[in-house]
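Work through the exercises below with the sequence and the coordinates side by side, and try each task before reading its solution.

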Amino acid sequence: MLRIKGLVKRYRTGDLALKGIDLDVPDGQVMALIGPSGAGKSTVIRCINRLVEPTAGSVTLNDLEVTTLGRSELRRARRRMGMIFQEYALVERLSVMENVLSGRLGYVGFWQSYFRKFPQSDIDEAFRLLARVGLDHMVDKRADELSGGQRQRVGICRALIQNPELLLVDEPTASLDPKTSRQIMRLIKELCAERKLSAIINIHDVMLAQMFAERIVGLRVGEIVYDGPPDNLTADVLTKIYGEEDWSATIRKVDDEAAEAEEAAAAVIPVELPLPSRDRLAGLT
Amino acid sequence: MTLAATLTRRWQKPPLIKRAWLRWALALGAAIYLALAFGTTEVNWTRVWEGLPRGARFFAAFFPPDFVSRWSEIFDGILESLWMTVVATVIGIALSIPVGIGAAKNIAPAPVYYFCRGILAVSRSFQEVILAIFFVKLFGFGPFAGCVTLAFATIGFYGKLLAEDIEDMDPAQAEAVRATGAGWLQWINYGVQPQVLPRMIGLGLYRFDINFRESAVVGIVGGGGIGATLNTAFDRYEFDSAAAILLIIIAIVMVVEYSSGYLRRWVQ
């Protein structure tokens, strides 16, 4: 259970990025954080593992208060939070295996990691994860030789080998094509279900958020303006989050891909909205 | 806007300096200064003319180059220069790594940053010859002074370029390694080093190349190596031996240059 209370972040430039966020994420919940650029999505997840230092407020992960930890305690806390990045953020000149094993850096000593002598159990786990995402034949390829989708899978392995309790996911699909985006989101969702992980996913694409998250939180200029199930995202709500726009094409429709991805959840077309035209549907899928 | 108006609308690249009077004043000032500079440079053409045959005789004294009569001195000088170069490059680079890391603004805290930048500034503000004169006075004649000179100059060169390369790295990759809970040294080893290593290997080879050439210069002011041999040859008016030394230096520099260029391409 992740509990965020009164989280405030003021950058040194004076910009107030977060104006007191309260958020609880129960175990095993996959939550999408949506909102316009500059709303503070990245700041929220970076305040959780303190890549950005919060100005005020508290972050508690399974009864561990993260905001007051000292340096080495923070290292240990970071091991429990796996992070997946926009544009993958793999170390490009390291091999796939080294990138995955770098997720274990919090658990091994410096010389062990310097000579790449990781415990056999870590190496076994790395092979297992790479096999799970279908990349076990590429272990010694350099990360910059991989395609975007493959890189993001390596990024997912790096986060999962930490054996985290929580996944922080920052725009995982920002530089991927629509099909790969769906595959990556589906993979994240499946892996969270397999490992009973909770996840916070920052995402621009409202459709993807609706398809793959069980809860949606909308952020606007540092404040939560929506918190609820994906099906309640109406045009009014989207206007509240993003501002005035014609939202009829963005709201989820009955659509093969969505139905396949979310077998259980019945797709809902909000009643108050006109049915989308066939052209729009075609353009989106 | 009508079609005709659009068609006749002209465009010119905006000038670099917007104010016309400033632009013209700068151009005029530069022209006047250049004319005055040429005017004050005194060239005595009769002396140049008289000097030509003397210059020709001087150059003629270089030929044919004599590799044989001073071969053992030349050979010793070359060997000394080569080990000076190797030792100075290795020690210089080893010392410049911590200084370079400390001088990278994006990863070092402010006091460390200013301290390391200070070291780099001192090392870079003096040319090798001046450093060599200083160290020869400090340690006496010989290759040790030359070695210290080259190592010290290497710190300034390599440390500055390392710091700049670290400042130009992709912060996302480094941030991702930090997010795993890595310690500081692990973070440098996994997040920073892979990003700068290929370029730094190339620059190390380049610095080796520079250090060899500088070892000849440093020798002339008493820092040992082939430069000392060359200086002795000139002092004795043995221009044919000096020519041999110069040819050997050129050959070695070319070999080092080509092999380092090849290695650098291979590393990238």
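Two exercises follow, one on a helix and one on a chain contact.

This is a predicted model, in which local features need pLDDT of at least 70, side-chain atom pairs count only at pLDDT 80 or more, and totals for chains, interfaces and linings use all residues. Residues are numbered from 1 along each chain as its sequence is written, while chains are lettered from A and ligands numbered from 1 in the order in which they are written.

**Exercise 1.** Determine which residues of α5(A) are buried and which are exposed.

Solution. Start with the extent: α5 of chain A, a helix (a DSSP run of H or I, at least four residues, numbered from the N terminus), covers residues 120–132 and reaches 18 Å from its first C-alpha to its last. Next, E125(A), A126(A), L129(A) and L130(A) are buried (20 or more other C-beta atoms within 10 Å of the residue's own, placed from the backbone; exposed means 12 or fewer). Because these residues cover an arc of only 135 degrees around the axis (taken from the directions from the helix axis to the C-beta atoms), they lie on the same side of α5(A). On the other side, Q120(A), S121(A), D124(A) and A131(A) are exposed. Finally, the cover over the buried residues includes α3 (96–101) and α6 (148–160) of chain A.

**Exercise 2.** Find how many residues each chain gives to the contact between chain A and chain B.

Solution. Counting pairs in contact (C-beta atoms, placed from the backbone, within 7 Å) gives 23 residues from chain A and 18 residues from chain B. On the side of chain A, α2 (71–79) and α4 (110–114) each give two or more residues, and the largest share, four residues, comes from α2(A).

How values were computed:
Two residues are in contact if their C-beta atoms, placed from the backbone, lie within 7 Å. The expected span of a helix is 1.5 Å times one less than its number of residues.
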